[in-house]
Amino acid sequence: MKYFKWSIIFSIIALAFVTWYGFTGSGVEGALNALYIALILVILEVSLSFDNAVVNAGVLKHWDERWKLIFLTLGMLVAVFGMRMFFPIFIVSQTADMGLLEVWNMALNNPSEYASKLTAHHGEISAFGGVFLLLVFLNFMFDEEKEIHWIKRVESRLGLLGRLDVISIFVTLLALVLAVSFLAKEQEASAILFAGVVGILTYLGVHLLNEMLEHEGNESSSNVAEVVKKGSIAGFIYLEVLDASFSFDGVIGAFALTTDVVIIMVGLGIGALFVRSMTIYLVEKGTLGEYIYLEHGAHYAIGTLAIIMLLSIKFHIPEIVTGGVGALFIIMSIYSSVKYNNQNPN
């Protein structure tokens, strides 16, 4: 329970605030409605991002305490206020050629128009997030050094393809081109293609930064290189961009429930905080070691989400499907892990 103490405290305060906020607008009915929608958004965010917590834990378990603390503090502020409040405003600002303050006023005073402008660029958002998540999935699957395989026949063969350095980039670019060719409207194709390429460049840029830091560490001291592996600015940026890719779906889906950005920020913010708490819980309790296929299930969920995001360029796919498929992979991986542990007792 200690891992979720601050999440629970924050949730109580935030839900009390959103209830008061709803009451000031429409009395008791408004208070109950605001509280109900906020709770639904919490569930939506957690269900869509649990696999994010597992992948985060897989990275974070190698970090030292200083970087873990940075991830929990600064990273939390970026996740709640940056990705779930500022970033959608930034997207609308850039695509609608409006100032940030102007968009912020629109979000507060004319939320329906703000929602309309944001969802109008769903294709570009999906392309950026989809290719980034697809690269995360493919680089996990094409890892020839991976020793543990959940679906052995498939994963062992895919791992052999990892000897080709550019295989994940090739597959991702192919998926992006096919998505733009068959799913995007003609007038939106160039913008969606550009967003997808930016997503690929962002992924490569983070890894390039990480390699530069490691190279610098190797030149100055072998100990510095070890510190980089245990936590670095590149790793921090990687986790934040990964979180952003997951949050896109939740932010867009939230507007199907309400256009009130205050309620959306509170609901998704609480969910994001619980995802952070789950990440630390998984790291501290060594859950990834206990459930050996859990990380595999999370990556399969990520791969599925990436495909869904690319398909959503043209087709509307309910968030319950996205969250449900991810949850199914997580449950199946836990079941397989328990079965493995029972068959191979220590």
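These notebook entries record what I looked up in a predicted model.

**Entry 1: helix 7**

I began with helix 7, which covers residues 167-183 and has 17 residues. From its first C-alpha to its last I read a reach of 23 Å, close to the 24 Å expected at 1.5 Å a residue. I then asked which residues of helix 7 are buried. The list consists of Ile 167, Ser 168, Ile 169, Thr 172, Leu 176, Ala 179, Val 180 and Leu 183.

**Entry 2: a nonpolar patch**

I turned next to the surface, where Val 177, Leu 193, Val 197, Leu 201 and Leu 204 form a nonpolar patch. Together these residues have about 380 Å² of accessible area. Which helix gives the most to the patch? I noted helix 8, residues 189-220, with 4 residues.

From the patch I singled out Leu 193, which is found in helix 8. Leu 193 has a relative accessibility of 34%, and therefore counts as partly exposed; the class runs between the 20% limit for buried and the 50% limit for exposed.

**Entry 3: cavities**

I looked for enclosed space and recorded 2 cavities of 30 Å³ or more. The largest cavity holds about 50 Å³ of space. Its lining is made up of 11 residues. Nearest the centre of the largest cavity lie Asp 51, Ala 301, Leu 305, Thr 322 and Gly 326.

I also asked which helices each supply at least two residues of this lining. They are helix 1 (5-60), helix 13 (294-311) and helix 14 (319-343).

**Entry 4: Ile 313**

Between helix 13 and helix 14 there is a loop, and I located Ile 313 in it. Is Ile 313 buried or exposed? Its relative accessible area is 13%, so Ile 313 is buried, the limit being under 20%.

I then checked Ile 313 against Gly 130. The two are 183 residues apart in sequence, while their C-alpha atoms are 10.0 Å apart in space.

**Entry 5: Ile 331**

My last residue was Ile 331, which lies in helix 14, one of the helices that supply the lining of the largest cavity. I found that Ile 331 counts as exposed because its relative accessibility is 56%, and exposed requires over 50%.

For Ile 331 I also noted a pairing with Gly 297. These residues are separated by 34 residues in sequence and by 8.0 Å in space, C-alpha to C-alpha.

Methods: Residues are numbered from 1 along each chain as its sequence is written. This is a predicted model: local features need pLDDT of at least 70, side-chain atom pairs count only at pLDDT 80 or more; totals for chains, interfaces and linings use all residues. Side-chain values use heavy atoms; hydrogens and water are left out. The expected span of a helix is 1.5 Å times one less than its number of residues. Buried means under 20% relative accessible area, exposed over 50%, partly exposed in between (1.4 Å probe, protein chains only). Patches are made of residues with over 30% relative accessible area and no salt bridge: like charges are joined within 9 Å, nonpolar side chains (Val, Leu, Ile, Met, Phe, Trp, Tyr) within 5 Å. Accessible areas come from the Shrake-Rupley method with a 1.4 Å probe; for residues, only the protein chains shown count as cover. A salt bridge is a side-chain nitrogen of Lys or Arg within 4 Å of a carboxyl oxygen of Asp or Glu. On a 1 Å grid over the protein atoms alone, a cavity is a set of points where a 1.4 Å probe fits but cannot get out, and a pocket is an open set with protein on both sides within 12 Å along at least five of seven lines; lining residues have an atom within 4 Å of a point. Grid points are joined across faces, edges and corners, and a volume is the space filled by probe spheres set on the points.
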